[in-house]
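Reader: I am new to reading protein models and would like a close look at one part of this one. Please take the salt bridges, and say where their partners sit.

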Amino acid sequence: MFKYKATLATLMILAVISWIGATPGYAQQYVMRIGTPTGGEHPQVWEMNDFKKRIEGKLGSKIKVELYPASQLGTDAQQRQALLAGSLQGFLQPTSFLTGLDPALTINDLPYLFKDTETGVKILNGPAGDKLRLRIEKIGIVIPSFFVAGDRIQILTSPVRDMQQLKGKKIRTISKLLQDQHDAWGAKGVSLDTSEVFMALQQHTIDGVESDAPFFFATKLYNAAKYLLMAPKGCEVTVFMLSKKWLDTLPQDVRTAIVSTVKEMTPAANEYARNFGIKALNEMVKAGVTVIEPSADFDAKLRAAAPAIAEKFIKDYPDLKPLLDELKAAAAKQ
């Protein structure tokens with residue numbers, strides 16, 4: 001309880017500092033705090049550092065960017081609320097965490113919707129993703145760009161080579177859609193905060209985690225789980241979110257520079273994530289992790305459940321059918 005209150009107090013103090021910096025009559029330096037739950041060499045950390053370098057290079061003393069990786073400003077949920085309130089100005093997180101903000105942000109979690117993550121990000125950053133960005137802006141979050149995180153796979157405490165071995169496994173997922181996915185496969189999707197995952201694997205309260213290789217490597221989950229199932233190779237996407245409430249207080253030139261900088265860094269961010277994903281996989285193998293490629297039969301059975309998962313998603317959120325249809329049409333052209 002004390003830690004939670006301290007976190008909220010810290011965010012309130014930071015909000016006041018930001019307001020002073022953006023108020024006429026005071027020094028015109030705008031303080032921008034950016035948070036992410038990950039640490040180390042993870043792509044989200046690289047992305048916040050790259051953004052800081054680029055925007056401070058553009059605006060000089062007009063802006064000061066402060067970076068808070070590794071959940072330094074609280075839990076995932078606390079940081080998302082701070083973003084909406086404007087006391088946190090930027091936040092990087094995979095879209096699968098964002099059901100509570102808007103389930104539309106998890107639509108790319110649908111298994112086998114896109115052939116790979118790079119294709120998915122290209123589509124989301126194009127015309128087919130415009131409606132999604134406009135929808136999210138209405139709740140107070142501006143999304144200049146989506147970034148590649150990596151193909152979604154699973155790290156497990158025991159080998160899984162067929163549907164029978166997957167049955168009953170407790171797999172940490174985030175979005176409701178991914179929990180429904182595992183239910184359809186006979187497993188059980190479990191929601192846990194990022195900070196709780198490693199211990200849960202160690203204590204065998206969960207059997208695995210579905211995410212991407214960079215996340216497994218950066219959080220050292222491979223020290224607690226030694227098997228990588230290279231399925232379903234879903235689309236794990238990082239979203240760089242900006243607080244609309246805060247952006248709306250800025251001069252137009254500062255706001256434009258911030259939004260355009262996030263867009264400009266997209267190719268470099270994707271390249272870093274791609275290369276880090278290769279490194280992460282290689283290093284985990286060196287550390288004794290076994291990579292399991294699904295057999296043709298196993299892959300076919302996983303894919304066979306995909307239409308029912310999509311149908312349930314649309315049944316839960318019928319207003320998202322036009323958006324899903326548009327994304328499917330764009331994916332069919334790739």
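Author: What follows goes through the salt bridges one pair at a time, and then turns to some buried residues.

A word on confidence comes before the pairs. The model is predicted, and the mean pLDDT of its chain is 92. Of the residues, 92% reach a pLDDT of 70 or more. Over residues 1–5, however, the pLDDT is below 50, and beyond near neighbours in sequence this stretch has 1 contact in the model. Residues 20–26 also stay under 50, and for them the model has 8 contacts beyond four places in sequence.

Now the salt bridges. How many does a search of the whole structure find? The search finds 26. One of them joins D253 to K62, with the closest N and O atoms 2.7 Å apart. D253 belongs to helix α11, which covers residues 252–264, while K62 is in the loop between α2 (43–59) and β2 (63–68). The two residues are 191 residues apart in sequence, so their pairing ties together parts of the chain that are separated by that distance. Is D253 buried, exposed or partly exposed? D253 has a relative accessible area of 40%, so it is partly exposed. K62 has a value of 32%, so this residue is partly exposed as well.

A second pair is R274 and E118, whose side chains meet in a salt bridge at 2.5 Å, N to O. This pair links distant parts of the chain, for R274 is in helix α12 (residues 266–286) and E118 is in helix α4 (residues 117–124), 156 residues apart. R274 has a relative accessibility of 36% and counts as partly exposed. E118, at 35%, also counts as partly exposed.

A third salt bridge is formed by the side chains of R135 and D319, at 3.0 Å from N to O. R135 lies in helix α5 (residues 127–137), and D319 lies in the loop between α14 (306–316) and α15 (321–332). Since they are 184 residues apart in sequence, this pair too ties together separate parts of the chain. At 27% relative accessibility R135 is partly exposed, and D319 at 46% is partly exposed too. Some salt bridges share partners: D109, R152, E210 and E236 are joined in this way into one network.

R152 also leads to a buried residue. N108 is in contact with R152, leaving aside neighbours within four places in sequence, and its other contacts on that basis are T95, L113, F114, L124, C235 and V237. N108 is in the loop between β3 (90–94) and α4. Its relative accessibility is 1%, so N108 counts as buried.

Two further buried residues can be set beside N108. Q79 is part of helix α3, residues 76–85. With a relative accessible area of 0%, Q79 is buried. Beyond four places in sequence, its contacts include G35, T36, S71 and F91.

A225 is in the loop between α9 (213–218) and β8 (227–243). At a relative accessible area of 1%, A225 is buried. Which residues does A225 touch, leaving aside neighbours within four places in sequence? A225 is in contact with I155, L156, T157, L201 and V289. A225 and I155 are 70 residues apart in sequence, and their C-alpha atoms are 6.3 Å apart in space.

Definitions and conventions. Residues are numbered from 1 along each chain as its sequence is written. This is a predicted model: local features need pLDDT of at least 70, side-chain atom pairs count only at pLDDT 80 or more; totals for chains, interfaces and linings use all residues. Side-chain values use heavy atoms; hydrogens and water are left out. pLDDT is the predictor's confidence in each residue, from 0 to 100. Contact means heavy atoms within 4.5 Å. A salt bridge is a side-chain nitrogen of Lys or Arg within 4 Å of a carboxyl oxygen of Asp or Glu. Helices (H or I, at least four residues) and strands (E, at least two) are DSSP runs, numbered from the N terminus. Buried means under 20% relative accessible area, exposed over 50%, partly exposed in between (1.4 Å probe, protein chains only).
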